[in-house]
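These are my notebook entries on one structure, kept in the order in which I looked things up. I began with the strands and went on to the side chains.

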Amino acid sequence: ESALYARVFTEGMLGIEPTGLNSFNIKPQLPTAWEEVSLYSCHLLGRNLDFIFKSTGNVVNVEIYEGNRMLLTRDLPMGKEKEIVLN
């Protein structure tokens, strides 16, 4: 039951769903009052990833880190799905 609570955030608000061994879809849908939300130590694709979401109206800046190394930074439209492929 406690795992379902976490899925409300990872799949619901952040829209993170694995699609392959090195890929996942992301579809951030943050509440308008939230300027920033972070998800640390997310075990995904056999990696330990950190996500930082910064909202500016209808755009969400997504930063993905593995340890101290930035893997990706992208501006995504709020509520639009995007496939992310990590090498």
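Entry 1, the sheet. I am working from a predicted model, and I looked up first how its strands are arranged: I find an open sheet of three strands in the order 1-2-7, with antiparallel pairing. I noted strand 1 (17-18) and strand 7 (82-85) as the edge strands, since each of them pairs on one side only. For the pairing of strand 1 with strand 2, which run antiparallel, I find two bridges. I then asked which residue of strand 2 is the bridge partner of Glu 17. The partner I find there is Asn 25.

Entry 2, Ser 23. I stayed with strand 2, where Ser 23 has its place, and asked whether Ser 23 is buried or exposed. Its relative accessible area is 10%, and I entered Ser 23 as buried because the cut-off for that class is under 20%. I also looked for a polar partner of its side chain, and find that the side chains of Ser 23 and Thr 19 are joined by a polar contact of 2.8 Å. Setting aside the neighbours within four places in sequence, I listed Pro 18, Leu 45, Glu 83, Ile 84 and Val 85 as the residues in contact with Ser 23.

Entry 3, aromatic pairs. I next turned to the rings and asked how many aromatic pairs a search of the whole structure finds. The search gives two. In one of them, the rings of Phe 24 and Phe 51 have their centres 6.0 Å apart and their planes at 80°, so I recorded the pair as edge-to-face, the class for planes over 60 degrees apart. Phe 24 lies in strand 2 (residues 23-26) and Phe 51 in strand 4 (residues 47-56), so this pair ties together parts that are 27 residues apart in sequence. I checked the accessibility of both partners: Phe 24 is buried, with a relative accessible area of 0%, and Phe 51 likewise counts as buried at 0% relative accessibility.

Entry 4, the second ring pair. I then asked at what angle the ring planes of Phe 51 and Phe 53 stand. Their planes are at 10° and their centres 6.1 Å apart, so I entered this pair as stacked. Phe 51 and Phe 53 are both buried. Putting the ring pairs together, I note that they link Phe 24, Phe 51 and Phe 53 into a cluster.

Definitions and conventions: Residues numbered from 1 in each chain as written. Predicted model: local features only at pLDDT ≥ 70, side-chain atom pairs only at ≥ 80, totals over all residues. Heavy atoms only, no water. Phe/Tyr/Trp six-rings, centres within 6.5 Å; stacked < 30°, edge-to-face > 60°. Helix = DSSP H or I, 4+ residues; strand = E, 2+ residues; numbered from the N terminus. Buried < 20%, exposed > 50% of the residue type's maximum accessible area, 1.4 Å probe, protein only. Polar contact = N/O pair within 3.5 Å; in protein donor to acceptor, adjacent residues only side chain to side chain. Contact = heavy atoms within 4.5 Å. Pairing = 2+ DSSP bridges.
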